[in-house]
Every structure is written in structure tokens, then in C-alpha cells.
Amino acid sequence: MPPLWDSSTDIIFFIVGSILCTCLRLILGAVAILLVKNTNWAHRLLGAGIYLLGCTALMTTPLTWIFLASLGTEGNGALPAMTTIQGALSSIFLVGVFCGWNIARNRRWWLLAIAVVLGATIALFDMFVARPLAESVTTDVMAAVLVQMVWLVLTFACLGVFHLLGRVNGATASKPTQPAC
């Protein structure tokens, strides 16, 4: 979440930086999903598409500040609304990441249900615990770094959990058999 801005230059740098970071995340994540082995291209493309939809939710985050400013909600008055909007968009992003990955890995429906629950839980944890804790303990820059570190650790921990759950009998759908030519 951006700090209170001193000038319009700060706003422009935040919006452009956020969009560039989201585009980088979008490209790297989609390529990673497309490079998944031992699955068919239909699952890879579907997983990458769901991941891309999740990333577009994050791309709209900087635009919500402009929308709130146009409504006359600036400064600290925008923080509760922005926190709620950011939590919802982060939840959509994480659900897109987790579901896209599990679809690309050809996982069963119950792993997708776990993916939705874990994505929403991490977003709520970030919204209600990580940000207020980080902002009360450190400076603005350290708060942003601390929140992102916690976010990355939890995201990769969840991907590791999905990897382990994928090894459970019946978690991964079998590959369709191809007729011999």
C-alpha cells in the first residue's frame, strides 16, 4: 500500500511501478506454468489463463487509488476502503496463482478447493495482521519489505503444500492414454 503522497510525481511513480511489477509477475508466472512437465497443453493453457486473470486483479490496484481520489476520499480516509479493496484483489490473485498451478499440474477438484481457501486465508492474514503489524513496528520502506517477505514465504509454502498433497494417492488425475498409431 503506498504511503501518503507529497506530489503527483509520487503517484505516477507508484502507479507505473505497480503496473510494471505486475506485468513482470504476469509474464514470469505464465511462462512457469507453461513449462510444467508431465501434463497436457490444454491443462497448461487453462492454468496459465486462470493465472493471468488473477494477475489482472493486481493490475487494477493502482487504479483504485485514482478512483478513490476522484470520489473525494483522500489521505487517511481512503485507507479502510483501500485495505478492503486490496484484500479482495490480493485474494483473487492468490486464488488465481494456486488454482492455475494446480490445474496445470492436473490436480483433482479437492486440491482446487484447498487452493481457494488458502488463497483467501493468506489475503485476509495480510490484510488484518501483516500490514498493521509491519506498519506499527518499522518505517514505511521496512513495512513494505516485511509484508512482501511474509507474502512470498506464505505463497511458496502453499505451493510446497500443494506439491506434497499432489503426491497423495488420487490427488493427481491420471494422464489420458493415447492410442498407438
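**Entry 1: a loop residue**

In which loop does Asn106 lie? I began with this residue in the predicted model. I found Asn106 in the loop that joins helix H4 (79-104) to helix H5 (109-137). I then looked up its backbone angle: phi is positive, about 65°, although Asn106 is not a glycine. I also checked its exposure. The relative accessible area of Asn106 is 9%, and the limit for a buried residue is under 20%, so I recorded Asn106 as buried.

**Entry 2: the chain as a whole**

I next listed the elements of the protein chain. I noted six helices and zero strands, in the order α-α-α-α-α-α from the N terminus on. The chain has 181 residues, of which 33% are buried. I looked up the exposed area as well: it is about 10700 Å², and carbon and sulfur atoms supply 74% of it. For contacts with a separation of 6 or more, I noted that 72% join residues 24 or more positions apart.

**Entry 3: the nonpolar core**

I then turned to the interior. In soluble globular proteins, nonpolar side chains tend to be buried together. The largest nonpolar core here has 20 residues. Within this core, the residues with the most contacts are Tyr51, Phe93, Leu94, Phe98, Ile122 and Phe162. I traced the core to its helices: helix H1 (8-34), helix H2 (41-59), H4, H5 and helix H6 (140-166) each supply at least two residues. H4 gives the largest share, six residues.

I followed one of these core residues, Phe98, further. Setting aside neighbours within four places in sequence, I listed its contacts as Ala115, Leu118, Gly119, Ile122, Thr155, Cys158, Leu159 and Phe162. Ile122 and Phe162 thus appear both in this list and among the core residues with the most contacts.

**Entry 4: a second loop residue**

Is Thr39 buried or exposed? I located Thr39 in the loop between H1 and H2. Its relative accessible area is 9%, and I therefore entered Thr39 as buried. I also looked up where its side chain points. The side chain of Thr39 reaches the backbone oxygen of Ala104 at 3.0 Å.

**Entry 5: a patch on the surface**

Which residues make the nonpolar surface patch of about 380 Å²? I recorded Leu124, Phe125, Phe128 and Val129. I examined one of them, Phe125, which is found in helix H5. Phe125 has a relative accessible area of 35%, and I therefore noted it as partly exposed.

Key. Residues numbered from 1 in each chain as written. Predicted model: local features only at pLDDT ≥ 70, side-chain atom pairs only at ≥ 80, totals over all residues. Heavy atoms only, no water. Helix = DSSP H or I, 4+ residues; strand = E, 2+ residues; numbered from the N terminus. Buried < 20%, exposed > 50% of the residue type's maximum accessible area, 1.4 Å probe, protein only. Contact = heavy atoms within 4.5 Å. Areas by Shrake-Rupley, 256 points an atom, 1.4 Å probe, with all protein chains shown as cover. Core = buried A, V, L, I, M, F, W, Y, C linked by side-chain atoms within 4.5 Å. Patch = residues over 30% accessible without salt bridge, like charges linked within 9 Å, V, L, I, M, F, W, Y side chains within 5 Å. Salt bridge = Lys/Arg side-chain N within 4 Å of Asp/Glu carboxyl O. Polar contact = N/O pair within 3.5 Å; in protein donor to acceptor, adjacent residues only side chain to side chain.
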